[in-house]
Amino acid sequence: MIASAGLDMADERRLLDSPCNDIDETPEEHMPIEIPKDKWPGNIRSITIGATSAEGGTRAKAVTVGGGTTMPYLQFEAPTTNKPVIAIEIKSRKPDDWSPLLAEVWGEAMNDPAQWAKKAQEAGADLIVLALTVEDSVEDAVKVVKSVLSATGLPLIVWGPGQMEKDNELLVPISEAAKGEKLVLGICEDKNYRTIVATAMANGHLVQARAPMDVNLSKQLNILISDMGMPKDRILMDPTTGALGYGIEYGYSVMERLRLAALQGDAMTQFPMIVTPGFEAWKTKESKVGEGVPEAWGDWITRAIHWETITALSLVESGADIIVLRHPESVNRIKEAVEELITA
Amino acid sequence: MALSGIQIYKMLPQTNCKECGFPTCLAFAMKLAAKQVELGTCPYVSEESKKQLAESAAPPIRLITLKANGTELKVGNEVVMFRHEKTFYNKPGLFLRVKASDPDLAKKIAAANAYKVSYVGMEFTLDGFAIEADGDLTAAVKTVRSATRHPLILIANDAALLDSSLSLLAGEGTLIYAADSSNYEALAEVAKKHKAALVVKADSLDDLADLTQKVQTKGMEEIVLDLGGKNLGEWLMRSTQARRLALKNFKPLGYPTIFFAAQNGPAKEAVYAAQAIAKYAGFVVLDTFAPEMIYPLLVLRENIYTDPQKPIQVQPGVYEINSPKPESPVLVTTNFSITYFAVANEVEGSGLPAWLVVTDAEGMSVLTAWAAGKFDAERIAKAIKGFNVADKVSRKRIVLPGHVAVLSGEVEEELPGWEVRVGPREAVDLPAFMKQALN
Ligand code: B12
Ligand code: SF4
């Protein structure tokens, strides 16, 4: 059943005993069917990323996500509040381990994060994710963040290289240098969140809180972060993404459960979700490798894009609010899908 | 809805005659509720009770079985809205639509029918073909049937034509697409005559429910629903509504659904099909035969329909890859299927011999198991000793996954006399590593 985090046995019993659906009888023939609708006491928070000049930043436009009051896209219960948005992931240095297919599509721009960010905007990004690397010095990192900020008016998410000490070393000065921009800083995990949260709090930014595919761990990390005094409208929840074929089903179900818990009224799960299908899907052999693979895998580039798109779409269906992608064609397809989902 | 033992007891003769082998009718009823005996064991159940019990035991979404000569596809019988509530049971059938008028029909079917792909040790294929009667349907059925053993969907609305076509498919369970309010009587007759299942379509759930009830009164129960809907969003809502109603035992919609993935063009086909797979479709019909699209869709279907309670695992043990010799390296991994096959396929593809030691990590991936304490130096050493690996090799050398490089010191301590090497992080890089670093 709805095994949401933090609900005790009694709560769970109550849920089991009183389904939220408000129909219990089979309608008579010829009567219009009464469509069962869920009525939820809770909703996802609406959260805004990026600040315009009026708000103390330099972004052309802020992006607001979340606000959901139903399971994803059930317009017959309530219209979708904010549509999910697409972020494109770029790196501070040209990555040498990305698929050649990505190198091909981004071309020269990969050598210059500002150019890359511009191209990402043209490709339809609503947000930019800038991922730093371990080779970046503090000066490099601050410079690259500034250049990306001036290259586009899109709100920015900055990820550290993913090594505790280096993350903190780079993110703190970036946070200070971009004070007031309402960046998202990440990635906070249970072993490393304090420094990032503290600097985000001090400089008006948001944080991305990642827990390894577990409702209770997500909730716990969100509690730890709020307990430091971080306002609740500045936390994004990252449930951890698995790629299609490599664990997607776990993330898919954890996201559905987080959304259900949030709608049930569990305040510590009511944050919009950010997912990383681009990162995960392009790690798989199916996307990375073109030669020496089974013939039954078909054409490489088309397959790779399907891999990213299908991974992303499944996460859209299970409640993602920010979808971080890598290939422009996947961006197109997911944007089109989202449009159809919200205009039904 | 399943009945309780007490409810069932009320429908039994209550004579406690013991012929069923139980001391009382109540005891029998309890066993029946627990599905541990068959109703038929009691000779005295009234016809009325039998009917009621059968109805209550019927799943909220009817199981529809399509059959051909030698293959069978079961769809329906689902019991939950979300996979974490229990699991999704019967994977949606993936069908390829072909046109009767297509001059290349035989070739197309042959290619698609031969399609096979393996994913973590399982082999997947398409489930069948849908033939559109835009030309000579009976001729097309003959052509298709001689090229494939998979079940068929016939897309036609002319009852006489369907009758003659289905006569060519005697003994099979075919699906007819589709009956609407104008032709359901004739189509239901044909379907019944040939033991075929029948798709029913209408523009709203109200009309659809109305129509399925009319089809039911014709004695047809093998029904599949086409929910209509103009785009992804509308179909998602209808599919959710139909599933909810069905799970609440609303019988007129208690059937699996069919979805045409290319209805808004081939560019959207993959995304449409992906949503349908995740969101309750029973049959998904594709128009494009493209391995690069079908493979990810088959994987998605497998992932969504995996029982969330049990990760797919392989047996712990020593796997011999490419006939290893005593001097071949020993690679260590976990028994999560996805992990095992990622590694085994790479090594196999490289042609290089190796002993692959699969530890019992309770079906978890390398990092998950490491984080959960199920893949540590102690467990690795236990596997090496327990599987007597030392007896198989002349050179005691093991390779750890790059992701758990931190374990190498402890493994050295646990396995004195063994050389411990750290391999690459991703299995894709194993062949190169084996060639360059292991000699
Ligand atoms: C799916 C998943 C789960 C699933 C379990 C899936 C399973 N059956 O294992 C669930 C949700 C249950 C889960 C749980 C947990 N998880 Co988890 N999970 C993942 C996830 C998303 C994918 C893992 C996966 O399937 N990878 C695919 C397989 C094929 O990868 P692999 O086994 O590593 O194999 C590859 C390589 O290692 C290499 N390889 C394998 N063997 C060998 C051998 C040799 C010799 C060589 C050279 C190479 C090699 O080849 C393979 C392909 O390249 C990852 C994050 C991510 N996106 O990667 C987190 C992750 C592994 N989980 C993590 C954690 C912490 C946990 C939990 C402890 C937390 C929790 N939720 O309670 C639990 C532990 C489980 C428990 N207590 O019961 C962390 C580990 C952090 C760390 N670095 O220590 C990760 C990295 C997420 C994160 N970033 O925090 N998890
Ligand atoms: S055989 Fe039937 S009537 Fe007799 S005890 Fe068993 S259940 Fe009761």
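How many salt bridges does the structure hold over all chains? Before I answer, please keep in mind that this is a predicted model; with that said, the count over all chains comes to 37 salt bridges, and I would like to go through a few of them.

Let me begin in chain A, where the side chains of A:Asp126 and A:Lys335 meet in a salt bridge, with 3.3 Å from N to O. This pair links distant parts of the chain, since A:Asp126 sits in the loop between helix H3 (113–122) and strand E4 (127–131), while A:Lys335 belongs to helix H12 (residues 328–343), and the two residues are 209 residues apart. As for its surroundings, A:Lys335 has a relative accessible area of 29% and is therefore partly exposed.

Staying in chain A, I turn to A:Lys283 and A:Glu280, which form a salt bridge whose closest N and O atoms are 3.1 Å apart. Here the lysine, A:Lys283, is partly exposed at 36% relative accessibility, whereas its partner A:Glu280, at 11%, counts as buried, because buried means under 20% relative accessible area.

In chain B, a salt bridge joins B:Lys108 to B:Asp102, and the closest N and O atoms of that pair lie 2.7 Å apart. B:Lys108 is partly exposed, its relative accessible area being 44%, and B:Asp102, with 16% relative accessibility, counts as buried.

Finally, which residues are joined into one network by salt bridges that share partners? They are A:Asp38 and A:Glu77 from chain A, together with B:Arg244 from chain B.

Methods. Residues are numbered from 1 along each chain as its sequence is written. Chains are lettered from A and ligands numbered from 1 in the order in which they are written. This is a predicted model: local features need pLDDT of at least 70, side-chain atom pairs count only at pLDDT 80 or more; totals for chains, interfaces and linings use all residues. Side-chain values use heavy atoms; hydrogens and water are left out. A salt bridge is a side-chain nitrogen of Lys or Arg within 4 Å of a carboxyl oxygen of Asp or Glu. Helices (H or I, at least four residues) and strands (E, at least two) are DSSP runs, numbered from the N terminus. Buried means under 20% relative accessible area, exposed over 50%, partly exposed in between (1.4 Å probe, protein chains only).
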